[in-house]
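I opened this notebook to keep a record of what I looked up in one chain, entry by entry. The sequence and the coordinates come before my notes.

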Amino acid sequence: MEQKRLCSDCFILVRGQLINRHGNLVERNHIHNDTVYVCNSCHNLICLSHVPHEWSVIGVAEKFDDQPAQSA
């Protein structure tokens, strides 16, 4: 399965583990101690784990839109 490319803002965020999110990220939902964002630019789902503080890519938003959202 091919992963969609990250936009430059998401790449820098995940690679550099920056403290602040960038302007194209919109909060989607919370899962336990994690916050999931969708990027309006590249449409990837980006997860912020609060303990430890870490950004990660969890998928492409279009793949998850057909599934019902679950919250804790």
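My entries follow, going from the whole chain to the sheet and then to the helix.

**Entry 1, the whole chain.** I noted at the outset that I am working with a predicted model. I counted the secondary structure and found two helices and four strands, and reading from the N terminus I wrote down the order of elements as α-β-β-β-β-α. I then looked up burial and found that, of the 72 residues of the chain, 32% count as buried. For the accessible surface I recorded about 5,100 Å², with 50% of that area belonging to carbon and sulfur atoms. I also checked how far along the sequence the contacts reach: among contacts with a separation of 6 or more, residues 24 or more positions apart account for 35%.

**Entry 2, the sheet.** I traced the strand pairing next and found that four strands form an open sheet in the order 1-2-3-4, with antiparallel pairing. Strand 1 and strand 4 (53-60) stand at its edges with a single partner strand each, so one side of each has no neighbour in the sheet. I looked up the twist as well, and neighbouring strands of this sheet are turned against each other by 25 degrees on average, direction ignored.

**Entry 3, strand 1 against strand 2.** Strand 1 (residues 25-31) pairs with strand 2 in the antiparallel sense, and I recorded six bridges between them. One of the pairs I wrote down sets Leu-25 against its bridge partner Cys-39 in strand 2. The hairpin of these strands has two residues between them, and there I found His-32 with a positive phi near 55 degrees. I stayed with strand 1 to look at Ile-31, which has its place in that strand. Ile-31 is partly exposed, its relative accessible area being 36%. I also took the C-alpha to C-alpha distance from Ile-31 to Cys-47, which comes to 9.4 Å for a separation of 16 residues in sequence.

**Entry 4, strand 2 against strand 3.** I asked myself how many bridges join strand 2 to strand 3. The count is five, and strand 3 (residues 44-50) runs antiparallel to strand 2. Two of the facing positions went into the notebook: Thr-35 has Leu-48 in strand 3 as its bridge partner, and Val-38 stands opposite Leu-45 in strand 3. The hairpin of strand 2 and strand 3 has four residues between the strands, and His-43 takes a positive phi near 65 degrees in it. I then checked the burial of strand 2 (residues 34-39), where five of the six residues are buried, so this strand is largely enclosed by the rest of the structure.

**Entry 5, helix 1.** Which residues of helix 1 are buried? For helix 1 (residues 8-16) I listed Cys-10, Leu-13 and Val-14. Looking down the axis of helix 1, I found these buried residues within an arc of 90 degrees, so they line one face of the helix. This fits what I know of the α-helix in general, where there are 3.6 residues a turn, so residues three or four places apart point the same way. On the other side of helix 1, I found Ser-8 and Arg-15 exposed. I then looked up what covers the buried residues of helix 1, and the cover includes strand 1, strand 2, strand 3 and strand 4. Past the end of helix 1 comes Gln-17, for which I noted a positive phi near 50 degrees.

How values were computed: Residues are numbered from 1 along each chain as its sequence is written. This is a predicted model: local features need pLDDT of at least 70, side-chain atom pairs count only at pLDDT 80 or more; totals for chains, interfaces and linings use all residues. Side-chain values use heavy atoms; hydrogens and water are left out. Buried means under 20% relative accessible area, exposed over 50%, partly exposed in between (1.4 Å probe, protein chains only). Two strands pair if DSSP finds at least two bridges between them. Axes are lines fitted to C-alpha atoms, for helices over the stretch in contact, and angles run from 0 to 180 degrees between N-to-C directions. Contact means heavy atoms within 4.5 Å. Accessible areas come from the Shrake-Rupley method with a 1.4 Å probe; for residues, only the protein chains shown count as cover. The arc is that of the directions from the helix axis to the C-beta atoms.
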